[in-house]
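Please work through the following exercises with the sequence and the structure at hand. Each task is followed by a solution in steps.

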Amino acid sequence: MTGRVRAFAGAGVAGLACLVFLGLASYRHVRYYTGDTPRTYSCYSCHVDGNGGRLLEGVERPTSLSPLMLEVSPDGRRLYATAQDGDAVIEVDLAARTVTRSITVGHRPRDLVITGDGRTAYVSNEWGNSISVVDLDAGRVTRTIPCGNMPSGLSLSRDERTLFVGDWQGDLIQAIDLSSGRVRVDLAGGGSPNELALTPDGSLLLTTNELSYVSSHRGPPRTEVTFVDATTDRPTRRVVFNNAHLIEGVTILPEGDLALVTLVKPKNLLPVLHVERGWTMSNGIGVIDLKSGRATQLLLDEVNRFFADPFGVVSTPDGRLAFVSHSGVDQISVIDMAALRRLLRGMDDQARQQAGLRLDLSTQFVIKRIPTAANPKGMVVAPDGKRLYVAERLNDSILAIDTASLEPLYRIELQGKERETPRRRGEKLFNSGLRSFQGQFSCQSCHPRNQTDRLQYDFEPDGLGLGVVDNRSLLGIRDTAPYKWNGKNTSLFMQCGIRFSRILTRVDSFRSDELSDLVSFIRSLPDPPNPYRSPDGKLTPSQARGKLLYERTRTKDGQLIPESNRCITCHPPPLYTNRKRADVGSASPTDLVKEFDVPHLTNIYATAPYLHDGKARTLEEIWTLYNAKDTHGVTRDMTNQDLNDLVEYLKTF
Amino acid sequence: MDASTPRRVIAVDADCVTPGLLPDGTIVFSRLERVPEGDRLIGTLYALRAGGSLSRISFGSDLDLVQKILSDGRILVHRRSPLYPDGIDLALRPDGTELERFLADTSMGSVEASAVGDGRIQPAGPDGSERAPAPSWLEPGYHVIDSIHVAPRPLPPVSTSVVKPQMDYGWLLCLDARLTDLNADLGRAHSVRVVDSKSGKALGVEPIARDGSFYLKVPADRLLRLELLDDQGRTVVRQRDGIWVRPNEHRGCEGCHESRYLSPENRSPLALEQGPESVIEQASAAPVEGRP
Amino acid sequence: MKNKALTIIMAASSAVAVFVAVLLPNEAPVSAAGPVLASVPASEPSPTPAATTTRSDAPQQETALPVVPEWESFTVSDGLPSNKVFCVRTNGPRVWAGTDTGLALYEKGRWTVIGVKEGLPHRAVLSVDVSPQTGDVWVGTMGGLARITAGRIDTFTQTNSGLSNNFVHEVQCDPEENVVWAATAMGLSRFDVASHTWQVYTQENTPMHEPWTYSVAVDRGMVYVGAWGGGILEYTKSLNRWREYRDPDKEMEIDLLPNDGPVHDVTSAVDFAGGVLWQGTYMGMARYDGRQWWSYYKEDSGLPSNFINFIRAQGRLAWICTDSGLAVSNGRAWVTYQGAGTKGGQILFIDGKQIQRRLPAKSLYPHNFVLGMDFQGRDVWVATEGGVGHGRVDPALGFEVEKAVPAGKSKSDAAE
Amino acid sequence: MNRSRMWIGFALLVFGTAFCLAGSDGERQRYADRPDDLIPYSKTEVYKDIPGEKVQFKGAGRDVPDPKVDAVKIGLIAPLTYEDHPIVPPGFKPGVGAGSKAVFGRHMLWGAEMALADANREGGYHGVPFELVRRTDLVQWGQTSDELVKFTYDDKVWAVISGIDSNNNHVLNRAALKAEMPLVNAGSTDPTLTEHSIPWLVRCISDDRLNSYELLNYVHRIRHFTRIAVFRVNDRDGRVGVEEFIKGARRLGTPVLLELRFSNGDTDFSEQLAYLRKLNPEVIALWANPPEGARIVRQARKMGLEQQFIGFDRLTNPEFLEQAGSAAEGMILAATLNPHRQDAKWLDFERRYRDEHREEPDTYAAHAYDAARFIVAAIRRAGLNRPRIRDAMYAVDDFPGVSGRIRFDVTMNDISRPWLVRVKDGRFDYFRPDDWPRVKHLLVKVPSEGSLR
């Protein structure tokens, strides 16, 4: 009797314990994967198709702000940060070290500038294709100026009547007349104009360009820094950095004689054999003599340690120190300008040529490396020069550093502890150079802004000098498996898996949980707004004609086009790929296969060069130069007019 | 493995010294043996994987001693040989690939350095002047030696490997054989001879491309010596110590005793245009005169 | 309505205004103006301080034909890459000259050359224009279009871009928007510099009878295209409207009536300024003042030859480049240059077809075969088969227009 | 009446002055050797007769001395496919839109090659051999102009023989004008080709304007047809080909009732033919390439259209005879060449051509041969200097070719009279009806004072 009771009781207690345990476990599980309170989910929310968390992306609630660029009010009291993922400008009271306001601006704000009276801020909305004019007293947007195509860096003319904008996607430098709110002029930039800087006397505007020119096939990357006469709106000089790209930050030293830019030196012409001694990539700065335009490249790396993804560069008001943020390895390099100037003075021309390759120089002018939290990006030095503020983008925080002791002072969390979603964890991995040998590069070193560096690479496994492939943008690839140009990787998990680490990062591969985080980040990447698509979805006459050509089944003289050779067959919407492999006669003698993955065409307007090895520098060349035998669709009956229409239509994908 | 209860890991038929524990649990150590010729003691490096598999990872005929596991996952090796009586320091990956002279970064620039037993290192100035041994962590530059790493997460181990034991060859790509900091004029270099350092047999001679590059397919896990010849076939310069490649390793060199502080220039080596020249088939060539 | 039209013209340039004052009184009210004037939008000239002369710029003396009594010549011996010069373009103090062996730049008294080595798509440079917005130099060659921007040369060809053909006869930068127009051997191309979009205009999408465009002129919201075999195409940007002007008699080998329209369908040159349209052909010249067409032949006017290579309008005047010399005219009076490259070079002041005065020229441009010209203030530059010529307008020598001839007779008068 | 007399008086007055002003020798060639009945506006007097005299090139360059060369290069651009080994630009499309043209292209090549071989046998140019540089106009993206530019600046040829396609040739002409390259067209019958006063262009094949005159001569003066229909291929060749025919018919007071079109490659013409049957014209003028031409007449006969078919030069081609078979019987065609001529020059050419290529020479082969010989003659007279070569060409009014006597008008257009062909027993039968009346002179009216501004 009692025995039975006891048995029941025992069973009950055990069952209860089990339930409690399961409850706790599932709570933590859901919390981990959704970053949200589990109440709202059932197992079915995520585990229906069991596919790499497709639904997961639907249910997770990203709450991050991702501070990118910083400005301090002229009185030094307030700090402003653009919150990339928060579509807002965050205002911080530096005395109280607290967030005082969040001002909603356009989509994906990038850079901001503040007027001399500290009452107005101009914010570039990267994906809003606009400039938000913010009244800082009222704390709201008073005007939105439409502009360009992915506006990036900003700079205000001395008289504050003109706003200069780096137009990233449009390869333009725009001058906006602030009184009329109209774009006064579009100047030709280099490849993806990025950050801007104005000389102290307001006469000269410098613009960095993130990407290399799309030069001759397998040519060395050549990336320019553009000089514009800020008084006449005329480009005056183009300083070209050979074998360098990802020129992000720029600062002009208070003396007004030198400018510093950050840069990355890719070794895309070398087969990717190993990483030691910067064989795959090296990271540094460019020093430009503003008078002569002479440019010198210097590495910030060391023999056994690399500092991936230099992003921001600022100097103290007295020009004594310069700081470079390494967003890939969570470090700030502190540069002793006196030492740097000394070093440069001591160099003859030949030495300058070599400098960009030398790993032993940085220790002569870098006096300290200051660790930060994840992904340090924009920086600003307070007007009094006492503090350096660093946007720790993937930590949603701002780090204050004492410029005298060069020690971190305090960290301002922009919001309560952020909920770590898989997507966010993935983003951190994606941006971390610490997952490559000696911290040499991160995923984004080859996929800036999650797109492509426009370069071609020669990987080890298929033999050196063989199977050179063009880098591909990550935008819109979520459902376009298989991956790789040879279409051998059936999933992103495979693509970013063991093989990847063996031939590229040369360190141990991501753990499976890390991998699924990374994949869910890549799968979550949204497409930027397509400038060639009209808001109402209507096609221009030219695009409409192009659509007919794209979908046509007969040539102009009425002959039937075999189904296998129609655009629409291999590139059907919505992804514009049939996810198969095809031989379009694009293979060259150094290719081991003739069939290549049919690429998706979404965002194709932004992914030059084209074809598997990037031999076509423009969309037109795919057909004018590399389709002589009509193996890549039938174009023999097309006129230039037809081809233009087709290209205009393709750009809308 | 905590120190409390020592247990036998594996039986090796010789003295094994200087064990080092890699982040992934692999133990690397040096296996000592005495060779008759010159009655020298040589130490060969082995890696004992966590699974228990033992593999040889060095192929020299010198005394190689595991000195330290570097924070980037490589092994710091101290080598003593007739060539380097005072010893030199080398670094290689745990799979035996990418062996190269080890350089440390110091505030005075990178210098050749050697670690003394207690984890301190003995830097020699660029002029070769000795400096007093200093605890590594006092030197801000010594990140690699330094056991505590400043990054939030230590660099991952490099147990990942391209080595395929079943293969018996690898490749050797040199970007510019004429690039050197030896005070020899390598401008005359016209072709490269690969010599099996043990047998002294020449495995083959291949011309150097216009840009100084050459690309060879060579037998794996054998100590090889490279010699540069001029157009008359006369030796311009001879590698004194050897080099090896692991099976399936693509070994890349920038030059021939070039400055170790240079990272490679970004240009496509001409030698790649006509694939690797195999020097395996010719392995049965005559001994080369005057090898040291 | 009348006032509106007037103010429009005023806005365009003071020079035009003065002409209007001179010409309008005894003409029909402007309200009855033809399509050209009527469709000119009332927009200010571009705000940028353009370093280049726009087509509506005034000549030095509004009421007189400019006269250049003295010329200097530049040839290979002066540093030109070749004496075969297709075109000249002034750009502030600089002068660009397109030759058959590269683009030459005259600056601070010396010539420098930009050739294929420097990145030009082809050695033969047919046309040059300078963007008033960006200052970029656009170069039309026999092998594609090039943009020179702060020393960098970008090339656009029919294979790497939407350019309709590599043989670029004339390139023109739109003074009102950041757009470049290129008249090519196989269609007119429009390049929107900001959006990188190309538009090709051919017989397929315009009234253009033939796609072989030879010349293009852009001013005040209008685009005029000389189509070889298609007469003149008129494009009104604001209305996106095309219109065709053809030789009314529809016969290639005759001109049935004078002053009835374009003299011929084969247009070799077209220019438009101050509301006046000029057509050059290899068989004569025509002018459209917004009210009616006027035709000109060597036989019935001061035109030096019927073979017209190029026309550059300036205010209501035009400089006409022929295979037998240069002339400047307002459509009634002429200042015609004769005998370049010979001893007896002279300048003829011609009223209608009567020679009023013969002025022996101190010197003339190097060769009679004139292929192009441009002006900058009082300076005049011409491109010839024998090199580049440069002269200055002499204010003292103006050929007084209104004294010289009565206002034009109407078509009916002419027919008798 | 009164008025007309005044006109005549006025005209007479003018004629006098005209002579002096035209400054010509009086024996000036009338434009296109046009029959009086077909002169536009012949009833009123014309303000200006455009081609006054031969247009001259007044530019520089004649003083440049002969360079030293080891071969005198002459360019040929024609529809050549890969088999003909032309220099091909990137993106070259083998045989695009070639069709029968590709065959004609090869014939031009053979003709030109033969001419240069002959010239070299005679000792070339002062011992230096002539050499043919081949380029093709079967290119896309408007590359034809590129080809001429390459002729000028890369190949450095002295003159170029150009081919068949009207569109390409117009582009070539303009390029030649600016590049200052002597150009001799031997294949295009597009009348508008020579109407631009380009002082660098010569055509040595009679065009569709003259073909139209011959056909109208037959239709109007011999058969007195009044109900005329036109059926043509819908490309530029066809459009400008029938232009003069239609104008002429209008001037003769028998305007064309209907102009129908078809496309190259079409196989079914029943729709258009049904139309024609309903319309029931007396004669149908057909501008087509051989394959379509053959299909059309066969289907027409099958559908019971018994009308007289007349056709343009393209159809005087063995291919047409084979394919059309009996359906072609009785057709009248215009021809730019009469291969049945018995003069020694032709017979010799025909024999040697047949020996070499195992084929009968066609009009393209013959005219390409003549073009090449014409250029050789000019070079021998003028030396190696493009403006001088041009001058030498333009000095010629009359050139004896294997294709017959070539006569140039003031536009340097070949106005030698074409032939008519009657299809009889499955073969071509060449004949020439008596010619239309032409007055001796046609003069330029000089503008009177009244017409001056």
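The exercises below concern chain D of a predicted model.

**Exercise 1. The chain as a whole**

Determine how many helices and strands chain D has, and what share of its residues is buried.

*Solution.* Step 1: the secondary structure of chain D consists of 12 helices and 15 strands. Step 2: chain D has 453 residues, and 64% of them are buried. Step 3: turning to contacts in chain D with a separation of 6 or more, 73% are made by residues 24 or more positions apart.

**Exercise 2. Two helices that cross**

Describe how helix α10 and helix α11 of chain D are arranged, and identify the residues that meet.

*Solution.* Step 1: locate the helices; α10(D) spans residues 344-357 and α11(D) spans residues 363-382. Step 2: two packed helices are described by the angle between their axes and by the distance between those axes. Step 3: here the axes come within 12 Å and cross at roughly 110°. Step 4: angles of 65 to 115 degrees count as roughly perpendicular, and α10(D) and α11(D) are therefore roughly perpendicular to each other. Step 5: the crossing of the two helices is right-handed. Step 6: from α10(D), Trp346(D), Phe349(D), Arg352(D) and Tyr353(D) take part, and they meet Ala365(D), Ala366(D) and Tyr369(D) of α11(D). Step 7: sorted by type, the residues of this contact comprise six nonpolar, no polar and one charged.

**Exercise 3. The two sides of a helix**

Establish which residues of helix α7 of chain D are buried, and what covers them.

*Solution.* Step 1: within α7(D), residues 270-279, the buried residues are Gln272(D), Leu273(D) and Leu276(D). Step 2: these residues cover an arc of only 95° around the axis, which puts them on the same side of α7(D). Step 3: Glu271(D) and Lys278(D), on the other side of α7(D), are exposed. Step 4: the cover over the buried residues includes the strands β7 (228-233), β8 (258-262) and β9 (283-287), together with helix α8 (290-302), of chain D. Step 5: just after α7(D) comes Asn280(D), which takes a positive phi of about 50°.

**Exercise 4. A single residue**

Decide whether Thr152(D) is buried or exposed, and list its contacts beyond its neighbours within four places in sequence.

*Solution.* Step 1: Thr152(D) belongs to helix α3 of chain D, residues 144-155. Step 2: the cut-off for buried is under 20% relative accessible area; Thr152(D) has 4% relative accessibility and therefore counts as buried. Step 3: with the neighbours within four places in sequence left aside, Thr152(D) is in contact with Ala179(D), Met181(D) and Arg386(D).

Conventions
Residues numbered from 1 in each chain as written. Chains lettered and ligands numbered in written order. Predicted model: local features only at pLDDT ≥ 70, side-chain atom pairs only at ≥ 80, totals over all residues. Heavy atoms only, no water. Axes fitted to C-alpha atoms, helices over the stretch in contact; angles between N-to-C directions. Helix = DSSP H or I, 4+ residues; strand = E, 2+ residues; numbered from the N terminus. Parallel < 35°, antiparallel > 145°, perpendicular 65-115°, else oblique. Left-handed = near helix turned anticlockwise from the far one by under 90°. Contact = heavy atoms within 4.5 Å. Nonpolar A, V, L, I, M, F, W, Y, C, P; charged D, E, K, R; others polar. Buried < 20%, exposed > 50% of the residue type's maximum accessible area, 1.4 Å probe, protein only. Arc of directions from axis to C-beta.
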